[in-house]
Amino acid sequence: GFGSTDRRQFMKAASAAGTAGLVGLAGCTGGGTDGGESGDGGDGGDSAGITFGQPAILTGGLSGIQPPVSASTDLAVQKINEAGGPLGEEINVVRRDTAYDPTTAREKLRQLINVDNAAVITGLTSTTAVPTWDFIQELEAPVVTMYAGSRFFDTRGGDNGTPQDLSDDGWFWRTTGADTQHTAGAALHAQSSDATNIGVINTKTSGARTWAEAFYDAIGVLDGVTQTKKLEVEGGKTTYRSDLESFFEADIDLFGVAVEEAPDAVTMLDQWKQAGYGGKVMLSNPMKNPDVRENLGSRLQDDWVRVSVPATSGPWADTYIEELDSFVTSSDTYDDDLSKNSWSASAYDSITVSALAIHRAGEATHEAIQKNLGPVARPPGKKVSTFADGKEALDNDEEINFVGAQTKVNFNDKGDVFNDVKIWSLGPEWTEQTQIEGSEIEPVVQDVAEQSSDSS
(Lines give C-alpha, C1' and ligand atoms only; values in the text may rest on other atoms or scores of the structure.)
Protein backbone atom coordinates (compact mmCIF):
# COMPACT_ATOMS: atom_id res chain seq x y z
CA GLY A 1 0.00 0.00 0.00
CA PHE A 2 0.89 3.70 -0.14
CA GLY A 3 2.06 3.63 3.47
CA SER A 4 3.79 0.26 3.29
CA THR A 5 7.06 -0.58 4.98
CA ASP A 6 8.71 -1.21 1.61
CA ARG A 7 7.80 2.24 0.36
CA ARG A 8 9.02 3.86 3.57
CA GLN A 9 12.33 2.02 3.39
CA PHE A 10 12.70 3.10 -0.22
CA MET A 11 12.05 6.72 0.68
CA LYS A 12 14.53 6.55 3.57
CA ALA A 13 17.20 5.23 1.24
CA ALA A 14 16.40 7.86 -1.35
CA SER A 15 16.54 10.53 1.32
CA ALA A 16 19.97 9.39 2.43
CA ALA A 17 21.07 9.65 -1.18
CA GLY A 18 19.68 13.15 -1.40
CA THR A 19 17.03 12.33 -4.00
CA ALA A 20 13.84 12.04 -1.97
CA GLY A 21 12.69 15.61 -2.34
CA LEU A 22 12.35 15.98 1.40
CA VAL A 23 12.05 19.64 2.28
CA GLY A 24 15.24 21.45 3.02
CA LEU A 25 17.18 23.07 5.79
CA ALA A 26 15.71 24.86 8.74
CA GLY A 27 16.33 26.62 12.02
CA CYS A 28 16.84 25.09 15.43
CA THR A 29 13.87 23.50 17.13
CA GLY A 30 11.93 26.18 18.93
CA GLY A 31 13.77 28.91 17.09
CA GLY A 32 12.04 31.86 15.54
CA THR A 33 13.18 33.84 12.55
CA ASP A 34 11.15 36.81 13.70
CA GLY A 35 11.93 37.13 17.37
CA GLY A 36 11.16 33.58 18.48
CA GLU A 37 11.93 32.34 21.94
CA SER A 38 15.13 30.51 20.98
CA GLY A 39 16.87 32.96 18.74
CA ASP A 40 17.27 33.11 15.01
CA GLY A 41 16.02 30.43 12.64
CA GLY A 42 17.48 30.82 9.18
CA ASP A 43 18.80 27.95 7.13
CA GLY A 44 20.23 25.90 10.00
CA GLY A 45 23.64 25.30 8.47
CA ASP A 46 24.24 21.70 7.49
CA SER A 47 21.56 20.04 9.62
CA ALA A 48 19.14 18.58 7.08
CA GLY A 49 15.68 17.77 8.35
CA ILE A 50 11.97 18.27 7.82
CA THR A 51 10.74 21.77 8.58
CA PHE A 52 7.47 22.53 10.32
CA GLY A 53 6.48 26.17 9.88
CA GLN A 54 4.71 27.84 12.79
CA PRO A 55 2.98 31.19 12.30
CA ALA A 56 3.21 32.46 15.88
CA ILE A 57 1.79 35.24 18.04
CA LEU A 58 5.14 36.47 19.33
CA THR A 59 4.02 40.09 19.62
CA GLY A 60 0.71 41.90 19.98
CA GLY A 61 -2.19 41.83 22.40
CA LEU A 62 -2.47 38.03 22.52
CA SER A 63 1.25 37.21 22.68
CA GLY A 64 0.73 35.86 26.21
CA ILE A 65 -0.90 32.71 24.84
CA GLN A 66 2.11 31.76 22.67
CA PRO A 67 4.65 30.45 25.26
CA PRO A 68 2.62 27.37 26.30
CA VAL A 69 1.94 26.62 22.62
CA SER A 70 5.65 26.97 21.81
CA ALA A 71 6.61 24.75 24.75
CA SER A 72 4.13 22.05 23.73
CA THR A 73 5.38 22.24 20.16
CA ASP A 74 8.96 21.83 21.37
CA LEU A 75 7.98 18.90 23.61
CA ALA A 76 6.37 17.14 20.67
CA VAL A 77 9.41 17.80 18.48
CA GLN A 78 11.74 16.42 21.15
CA LYS A 79 9.68 13.22 21.52
CA ILE A 80 9.45 12.76 17.75
CA ASN A 81 13.18 13.23 17.24
CA GLU A 82 14.06 10.96 20.16
CA ALA A 83 12.01 8.26 18.39
CA GLY A 84 14.06 8.69 15.22
CA GLY A 85 11.77 11.13 13.44
CA PRO A 86 9.53 10.51 10.44
CA LEU A 87 11.38 8.58 7.73
CA GLY A 88 14.49 8.71 9.93
CA GLU A 89 14.66 12.50 9.59
CA GLU A 90 14.74 15.02 12.43
CA ILE A 91 12.02 17.63 12.37
CA ASN A 92 12.58 21.24 13.29
CA VAL A 93 10.31 24.23 13.74
CA VAL A 94 10.67 27.70 12.31
CA ARG A 95 8.46 30.32 13.98
CA ARG A 96 7.59 33.55 12.25
CA ASP A 97 5.69 36.28 14.02
CA THR A 98 2.26 37.14 12.56
CA ALA A 99 1.71 39.84 15.24
CA TYR A 100 -1.90 38.59 15.07
CA ASP A 101 -2.39 40.50 11.82
CA PRO A 102 -3.87 38.94 8.63
CA THR A 103 -1.66 40.86 6.21
CA THR A 104 1.47 39.95 8.15
CA ALA A 105 0.29 36.34 8.42
CA ARG A 106 -0.02 36.08 4.65
CA GLU A 107 3.55 37.36 4.25
CA LYS A 108 4.86 34.92 6.86
CA LEU A 109 3.05 32.00 5.24
CA ARG A 110 4.74 32.80 1.96
CA GLN A 111 8.14 32.94 3.70
CA LEU A 112 7.58 29.71 5.58
CA ILE A 113 6.76 27.87 2.36
CA ASN A 114 9.13 29.55 -0.10
CA VAL A 115 12.10 30.47 2.10
CA ASP A 116 11.98 27.92 4.93
CA ASN A 117 10.64 25.06 2.76
CA ALA A 118 8.09 24.08 5.40
CA ALA A 119 6.47 20.70 4.78
CA VAL A 120 3.47 21.61 6.94
CA ILE A 121 2.12 24.75 8.61
CA THR A 122 1.22 24.36 12.30
CA GLY A 123 -0.52 27.53 13.38
CA LEU A 124 -2.93 30.31 12.30
CA THR A 125 -5.83 31.69 14.34
CA SER A 126 -9.30 32.59 13.12
CA THR A 127 -8.31 36.24 12.77
CA THR A 128 -5.33 35.40 10.57
CA ALA A 129 -6.73 32.37 8.73
CA VAL A 130 -10.19 33.50 7.63
CA PRO A 131 -8.96 36.50 5.57
CA THR A 132 -6.17 34.38 4.05
CA TRP A 133 -8.37 31.40 3.16
CA ASP A 134 -8.07 31.80 -0.60
CA PHE A 135 -4.32 32.23 -0.29
CA ILE A 136 -4.08 29.01 1.76
CA GLN A 137 -5.90 27.21 -1.05
CA GLU A 138 -3.47 28.63 -3.59
CA LEU A 139 -0.48 27.45 -1.54
CA GLU A 140 -1.77 23.87 -1.44
CA ALA A 141 0.28 23.21 1.68
CA PRO A 142 -1.41 21.50 4.64
CA VAL A 143 -2.24 23.75 7.60
CA VAL A 144 -2.73 21.81 10.85
CA THR A 145 -3.56 24.41 13.45
CA MET A 146 -4.08 24.26 17.19
CA TYR A 147 -6.15 27.48 16.94
CA ALA A 148 -8.90 28.79 14.63
CA GLY A 149 -12.27 28.10 16.21
CA SER A 150 -14.16 30.10 13.60
CA ARG A 151 -17.38 28.61 12.25
CA PHE A 152 -16.06 29.63 8.84
CA PHE A 153 -14.08 26.37 8.92
CA ASP A 154 -17.01 24.17 9.96
CA THR A 155 -17.83 23.75 6.27
CA ARG A 156 -14.31 24.10 4.85
CA GLY A 157 -11.07 22.15 5.15
CA GLY A 158 -10.03 18.55 5.58
CA ASP A 159 -10.15 15.98 2.81
CA ASN A 160 -13.93 15.53 2.38
CA GLY A 161 -13.49 11.90 3.36
CA THR A 162 -11.58 11.12 0.17
CA PRO A 163 -7.92 11.15 1.27
CA GLN A 164 -6.45 10.15 -2.08
CA ASP A 165 -8.43 12.73 -4.08
CA LEU A 166 -6.94 16.19 -3.58
CA SER A 167 -9.37 17.90 -5.96
CA ASP A 168 -12.02 18.42 -3.25
CA ASP A 169 -9.62 19.19 -0.37
CA GLY A 170 -9.51 22.33 1.79
CA TRP A 171 -5.91 21.98 3.06
CA PHE A 172 -6.92 23.08 6.56
CA TRP A 173 -7.13 20.94 9.71
CA ARG A 174 -7.55 21.88 13.37
CA THR A 175 -6.79 19.91 16.52
CA THR A 176 -9.04 21.97 18.79
CA GLY A 177 -12.81 22.08 18.81
CA ALA A 178 -14.63 24.75 16.81
CA ASP A 179 -16.22 27.79 18.44
CA THR A 180 -19.59 26.11 17.91
CA GLN A 181 -18.55 23.64 20.60
CA HIS A 182 -17.18 25.72 23.47
CA THR A 183 -19.74 28.48 22.83
CA ALA A 184 -22.47 25.82 23.09
CA GLY A 185 -20.86 24.87 26.41
CA ALA A 186 -20.93 28.52 27.47
CA ALA A 187 -24.61 28.76 26.51
CA LEU A 188 -25.46 25.60 28.46
CA HIS A 189 -23.66 27.02 31.49
CA ALA A 190 -25.55 30.32 31.10
CA GLN A 191 -28.80 28.38 30.95
CA SER A 192 -27.94 26.58 34.20
CA SER A 193 -27.03 29.83 36.00
CA ASP A 194 -30.61 31.15 36.31
CA ALA A 195 -29.93 33.92 33.80
CA THR A 196 -32.79 34.61 31.40
CA ASN A 197 -31.98 37.66 29.24
CA ILE A 198 -28.72 37.23 27.37
CA GLY A 199 -26.79 39.92 25.52
CA VAL A 200 -23.50 39.81 23.61
CA ILE A 201 -20.96 42.56 22.99
CA ASN A 202 -18.03 41.95 20.66
CA THR A 203 -15.21 43.82 18.99
CA LYS A 204 -14.83 43.77 15.22
CA THR A 205 -12.17 41.12 14.72
CA SER A 206 -13.04 37.88 12.96
CA GLY A 207 -12.38 35.74 16.03
CA ALA A 208 -14.45 37.91 18.38
CA ARG A 209 -17.29 38.14 15.90
CA THR A 210 -17.49 34.41 15.31
CA TRP A 211 -17.47 33.68 19.09
CA ALA A 212 -20.28 36.19 19.65
CA GLU A 213 -22.40 34.83 16.81
CA ALA A 214 -21.90 31.21 17.86
CA PHE A 215 -22.73 31.92 21.53
CA TYR A 216 -25.79 33.96 20.59
CA ASP A 217 -27.03 31.30 18.17
CA ALA A 218 -26.59 28.60 20.84
CA ILE A 219 -28.65 30.67 23.28
CA GLY A 220 -31.32 30.78 20.58
CA VAL A 221 -31.87 26.99 20.58
CA LEU A 222 -32.00 26.56 24.38
CA ASP A 223 -35.12 26.67 26.55
CA GLY A 224 -35.46 29.26 29.31
CA VAL A 225 -32.97 31.82 27.96
CA THR A 226 -33.67 34.65 25.54
CA GLN A 227 -31.55 36.42 22.93
CA THR A 228 -32.00 40.01 24.08
CA LYS A 229 -29.35 42.28 22.54
CA LYS A 230 -26.28 41.97 20.33
CA LEU A 231 -23.82 44.83 19.90
CA GLU A 232 -20.58 45.17 17.92
CA VAL A 233 -18.07 47.84 18.94
CA GLU A 234 -14.66 49.08 17.93
CA GLY A 235 -11.77 47.57 19.85
CA GLY A 236 -9.12 49.70 21.52
CA LYS A 237 -11.53 52.26 22.97
CA THR A 238 -10.74 53.97 26.28
CA THR A 239 -14.36 53.71 27.41
CA TYR A 240 -17.27 51.35 26.81
CA ARG A 241 -19.60 53.04 29.31
CA SER A 242 -22.34 54.00 26.84
CA ASP A 243 -22.26 50.52 25.31
CA LEU A 244 -22.59 48.88 28.71
CA GLU A 245 -25.34 51.30 29.72
CA SER A 246 -27.42 50.26 26.71
CA PHE A 247 -27.11 46.63 27.79
CA PHE A 248 -28.41 47.19 31.26
CA GLU A 249 -31.22 49.40 30.03
CA ALA A 250 -32.30 46.25 28.16
CA ASP A 251 -32.49 44.39 31.51
CA ILE A 252 -29.79 41.92 30.55
CA ASP A 253 -28.72 39.66 33.43
CA LEU A 254 -25.89 37.84 31.62
CA PHE A 255 -23.78 39.17 28.80
CA GLY A 256 -21.12 37.56 26.69
CA VAL A 257 -17.96 39.59 26.13
CA ALA A 258 -16.20 38.53 22.93
CA VAL A 259 -12.85 40.27 22.49
CA GLU A 260 -9.41 39.12 21.37
CA GLU A 261 -7.23 41.82 22.90
CA ALA A 262 -6.84 41.57 26.69
CA PRO A 263 -6.86 45.37 27.20
CA ASP A 264 -10.40 45.53 25.76
CA ALA A 265 -11.64 42.99 28.29
CA VAL A 266 -9.85 44.79 31.11
CA THR A 267 -11.32 48.17 30.16
CA MET A 268 -14.82 46.79 29.65
CA LEU A 269 -15.00 44.77 32.86
CA ASP A 270 -13.35 47.45 34.96
CA GLN A 271 -16.02 49.93 33.85
CA TRP A 272 -18.74 47.30 34.36
CA LYS A 273 -17.52 46.92 37.94
CA GLN A 274 -17.19 50.67 38.55
CA ALA A 275 -20.75 51.31 37.38
CA GLY A 276 -22.14 48.58 39.64
CA TYR A 277 -24.21 47.00 36.86
CA GLY A 278 -24.24 43.57 38.46
CA GLY A 279 -25.34 40.50 36.56
CA LYS A 280 -23.10 37.83 35.12
CA VAL A 281 -20.36 37.87 32.50
CA MET A 282 -19.23 35.09 30.15
CA LEU A 283 -15.90 35.85 28.47
CA SER A 284 -14.69 34.55 25.11
CA ASN A 285 -12.07 31.83 25.44
CA PRO A 286 -8.93 33.87 24.53
CA MET A 287 -9.53 35.90 27.70
CA LYS A 288 -8.52 33.00 29.92
CA ASN A 289 -5.04 34.45 29.97
CA PRO A 290 -2.58 35.87 32.49
CA ASP A 291 -3.17 39.52 31.56
CA VAL A 292 -6.87 39.39 32.40
CA ARG A 293 -6.24 37.49 35.63
CA GLU A 294 -3.46 39.81 36.78
CA ASN A 295 -5.44 42.99 36.02
CA LEU A 296 -8.89 41.91 37.16
CA GLY A 297 -8.70 38.69 39.16
CA SER A 298 -8.54 40.13 42.66
CA ARG A 299 -10.90 42.99 41.85
CA LEU A 300 -13.61 40.73 40.43
CA GLN A 301 -13.15 37.63 42.57
CA ASP A 302 -16.57 38.07 44.20
CA ASP A 303 -18.35 38.56 40.87
CA TRP A 304 -19.70 35.97 38.42
CA VAL A 305 -17.18 36.20 35.59
CA ARG A 306 -16.53 32.97 33.72
CA VAL A 307 -14.95 31.61 30.58
CA SER A 308 -15.68 28.49 28.56
CA VAL A 309 -12.66 26.79 27.00
CA PRO A 310 -12.00 23.50 25.23
CA ALA A 311 -11.03 20.93 27.84
CA THR A 312 -7.75 19.06 27.68
CA SER A 313 -9.40 15.65 27.88
CA GLY A 314 -7.88 13.49 25.17
CA PRO A 315 -6.77 9.94 26.00
CA TRP A 316 -3.18 11.14 26.49
CA ALA A 317 -4.05 14.28 28.50
CA ASP A 318 -2.74 13.24 31.93
CA THR A 319 0.57 11.95 30.59
CA TYR A 320 0.94 15.01 28.38
CA ILE A 321 0.49 17.37 31.34
CA GLU A 322 3.15 15.49 33.33
CA GLU A 323 5.56 15.46 30.40
CA LEU A 324 5.05 19.15 29.63
CA ASP A 325 5.67 20.11 33.26
CA SER A 326 8.88 18.07 33.27
CA PHE A 327 9.96 19.49 29.92
CA VAL A 328 9.38 23.09 31.01
CA THR A 329 11.20 22.57 34.31
CA SER A 330 14.27 21.20 32.54
CA SER A 331 14.20 23.89 29.83
CA ASP A 332 16.23 27.09 29.86
CA THR A 333 13.72 28.66 27.44
CA TYR A 334 10.49 28.63 29.45
CA ASP A 335 9.52 29.78 32.93
CA ASP A 336 9.02 26.92 35.38
CA ASP A 337 5.55 28.21 36.28
CA LEU A 338 4.42 28.34 32.64
CA SER A 339 0.64 27.94 32.61
CA LYS A 340 -1.05 25.69 30.08
CA ASN A 341 -3.90 27.10 27.99
CA SER A 342 -6.64 25.97 25.64
CA TRP A 343 -4.26 25.48 22.73
CA SER A 344 -1.11 24.01 24.24
CA ALA A 345 -2.26 20.38 24.20
CA SER A 346 -3.70 20.97 20.73
CA ALA A 347 -0.20 22.05 19.66
CA TYR A 348 1.21 18.69 20.79
CA ASP A 349 -1.52 16.98 18.76
CA SER A 350 -0.97 19.08 15.63
CA ILE A 351 2.78 18.42 15.56
CA THR A 352 2.48 14.70 16.31
CA VAL A 353 -0.30 13.95 13.83
CA SER A 354 1.63 15.81 11.11
CA ALA A 355 4.77 13.78 11.78
CA LEU A 356 2.78 10.53 11.68
CA ALA A 357 1.22 11.58 8.37
CA ILE A 358 4.72 12.08 6.92
CA HIS A 359 5.86 8.67 8.13
CA ARG A 360 2.80 6.93 6.71
CA ALA A 361 3.16 8.81 3.43
CA GLY A 362 6.76 7.79 2.88
CA GLU A 363 7.67 11.33 1.83
CA ALA A 364 7.36 14.88 3.16
CA THR A 365 5.71 16.61 0.22
CA HIS A 366 2.66 18.80 0.77
CA GLU A 367 0.45 16.49 -1.27
CA ALA A 368 1.57 13.32 0.51
CA ILE A 369 1.04 14.84 3.97
CA GLN A 370 -2.42 16.10 2.99
CA LYS A 371 -3.41 12.62 1.82
CA ASN A 372 -2.31 10.98 5.08
CA LEU A 373 -3.55 13.31 7.85
CA GLY A 374 -7.03 11.78 7.85
CA PRO A 375 -5.91 8.15 7.61
CA VAL A 376 -3.55 8.34 10.63
CA ALA A 377 -6.18 9.95 12.89
CA ARG A 378 -9.41 8.07 12.23
CA PRO A 379 -10.72 4.68 13.35
CA PRO A 380 -10.36 1.78 13.01
CA GLY A 381 -6.55 1.66 13.19
CA LYS A 382 -4.46 0.83 16.24
CA LYS A 383 -4.81 3.61 18.83
CA VAL A 384 -1.54 5.44 19.50
CA SER A 385 -0.81 8.65 21.42
CA THR A 386 2.89 9.12 20.76
CA PHE A 387 4.93 9.33 17.60
CA ALA A 388 7.12 6.44 18.79
CA ASP A 389 4.16 4.06 19.10
CA GLY A 390 2.68 5.24 15.82
CA LYS A 391 5.95 4.88 13.97
CA GLU A 392 6.45 1.34 15.29
CA ALA A 393 2.95 0.32 14.21
CA LEU A 394 3.37 1.86 10.75
CA ASP A 395 6.74 0.15 10.33
CA ASN A 396 4.95 -3.11 11.14
CA ASP A 397 2.53 -2.30 8.31
CA GLU A 398 -0.37 -1.63 10.69
CA GLU A 399 -2.87 1.17 10.24
CA ILE A 400 -3.03 3.64 13.13
CA ASN A 401 -5.58 5.91 14.81
CA PHE A 402 -3.82 8.77 16.60
CA VAL A 403 -5.69 9.77 19.77
CA GLY A 404 -4.24 12.90 21.33
CA ALA A 405 -3.86 15.00 24.44
CA GLN A 406 -6.51 17.63 23.66
CA THR A 407 -9.08 15.31 22.04
CA LYS A 408 -9.42 11.88 20.47
CA VAL A 409 -8.67 13.76 17.22
CA ASN A 410 -10.71 11.56 14.85
CA PHE A 411 -10.81 14.19 12.10
CA ASN A 412 -14.16 14.51 10.37
CA ASP A 413 -14.43 15.17 6.64
CA LYS A 414 -13.74 18.90 7.17
CA GLY A 415 -10.65 18.28 9.30
CA ASP A 416 -12.37 19.05 12.62
CA VAL A 417 -12.26 17.36 16.03
CA PHE A 418 -14.77 17.29 18.91
CA ASN A 419 -13.99 18.66 22.37
CA ASP A 420 -15.31 18.55 25.93
CA VAL A 421 -15.58 21.99 27.55
CA LYS A 422 -14.46 23.36 30.92
CA ILE A 423 -15.93 26.39 32.65
CA TRP A 424 -13.50 28.51 34.70
CA SER A 425 -14.22 31.42 37.04
CA LEU A 426 -12.08 34.52 37.29
CA GLY A 427 -10.30 35.30 40.55
CA PRO A 428 -6.72 35.71 41.78
CA GLU A 429 -6.31 32.33 40.07
CA TRP A 430 -8.53 30.76 37.43
CA THR A 431 -10.74 28.18 39.19
CA GLU A 432 -12.41 25.29 37.41
CA GLN A 433 -16.17 25.24 37.98
CA THR A 434 -17.41 22.33 35.90
CA GLN A 435 -16.82 20.24 32.80
CA ILE A 436 -19.46 19.85 30.12
CA GLU A 437 -19.16 16.65 28.14
CA GLY A 438 -19.10 16.58 24.37
CA SER A 439 -22.19 14.37 24.43
CA GLU A 440 -24.17 17.25 26.00
CA ILE A 441 -22.74 19.80 23.58
CA GLU A 442 -23.23 17.84 20.36
CA PRO A 443 -27.05 18.14 20.20
CA VAL A 444 -26.82 21.91 20.75
CA VAL A 445 -24.28 22.20 17.92
CA GLN A 446 -26.58 20.13 15.69
CA ASP A 447 -29.62 22.29 16.56
CA VAL A 448 -27.65 25.45 15.74
CA ALA A 449 -26.54 23.97 12.43
CA GLU A 450 -30.11 22.98 11.52
CA GLN A 451 -31.41 26.41 12.45
CA SER A 452 -28.70 28.09 10.37
CA SER A 453 -29.51 25.81 7.44
CA ASP A 454 -33.24 26.57 7.70
CA SER A 455 -32.63 30.32 7.75
CA SER A 456 -30.23 30.34 4.81
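**Notebook: cavities, helices and odd backbone spots**

**Entry 1, the second cavity.** I started with the lining of the second largest cavity, and its residues divide into five nonpolar, three polar and no charged. For this split, Ala, Val, Leu, Ile, Met, Phe, Trp, Tyr, Cys and Pro are nonpolar, Asp, Glu, Lys and Arg are charged, and the others, Gly among them, are polar. The model is predicted, and local features need pLDDT of at least 70, side-chain atom pairs count only at pLDDT 80 or more, while totals for chains, interfaces and linings use all residues. Residues are numbered from 1 along each chain as its sequence is written, and side-chain values use heavy atoms, with hydrogens and water left out.

Which residues line the second largest cavity? I listed P55, A56, I57, T98, L124, T125, T128 and Y147. The space inside is about 30 Å³. A cavity here is a set of points on a 1 Å grid over the protein atoms alone where a 1.4 Å probe fits but cannot get out, and lining residues have an atom within 4 Å of a point. The volume is the space filled by probe spheres set on the points, with grid points joined across faces, edges and corners.

**Entry 2, L124.** I stopped at L124, one of those lining residues, and looked at its backbone. L124 has a positive phi of about 90° although it is not a glycine. Most residues other than glycine have a negative phi, and most peptide bonds are trans. L124 sits in the loop between β4 (120-121) and α4 (126-129). Helices (H or I, at least four residues) and strands (E, at least two) are DSSP runs, numbered from the N terminus. L124 counts as buried because its relative accessibility is 1%; buried is under 20% relative accessible area, exposed over 50%, and partly exposed in between, with a 1.4 Å probe and protein chains only.

**Entry 3, the largest cavity.** How many cavities of 30 Å³ or more does the structure hold? I found two. The largest has a volume of about 220 Å³. Its lining has 22 residues, and those nearest its centre are G149, E260, N285, P286 and W343. Two elements, α6 (179-191) and α7 (206-220), give two or more residues to this lining. The largest share, three residues, comes from α7. By residue type, I noted eleven nonpolar, nine polar and two charged.

**Entry 4, more backbone oddities.** V409 also caught my eye: its phi is positive, about 65°, although it is not a glycine. V409 lies in the loop between β13 (400-402) and β14 (421-425). With 3% relative accessibility, V409 counts as buried. Then I checked peptide bonds, and P379 and P380 are joined by a cis one, with omega about 10°. P380 belongs to the loop between α13 (366-376) and β12 (382-384).

**Entry 5, α13 and L356.** How much of α13 is covered? Mostly covered, I wrote: nine of its eleven residues are buried. They are H366, A368, I369, Q370, N372, L373, G374, P375 and V376. Among the elements that cover them are α3 (102-114), β5 (143-145), β6 (172-174) and α12 (344-361).

In α12 I picked out L356, which counts as buried at 0% relative accessibility. L356 and I369 are 13 residues apart in sequence, and their C-alpha atoms are 9.0 Å apart. Leaving out residues up to four places away in sequence, L356 touches V376, V384, F387, G390, K391, L394, I400 and F402. Contact means heavy atoms within 4.5 Å.

**Entry 6, α14.** Several of those contacts led me to helix α14 (residues 387-395), whose buried residues are F387, G390, K391, A393 and L394. They lie on the same side of α14 because they cover an arc of only 165° around the axis. I took the arc from the directions of the C-beta atoms as seen from the helix axis. An α-helix has 3.6 residues a turn, so residues three or four places apart point the same way. Just after α14, D397 has a positive phi of about 65°.

**Entry 7, β14.** I finished on β14, where five of its five residues are buried. V421, I423 and S425 are on one side, K422 and W424 on the other. Strand β11 (residues 304-310) pairs with β14 in the antiparallel sense over five bridges, and S308 has I423 as its bridge partner. Strands count as paired if DSSP finds at least two bridges between them. β14 also runs antiparallel to strand β15 (residues 431-436), again with five bridges, and W424 stands opposite E432 there. β14 and β15 form a hairpin with five residues between them.

Methods: 1 Å grid on protein atoms, 1.4 Å probe; cavity = no way out; pocket = protein on both sides within 12 Å on 5 of 7 lines; lining within 4 Å.
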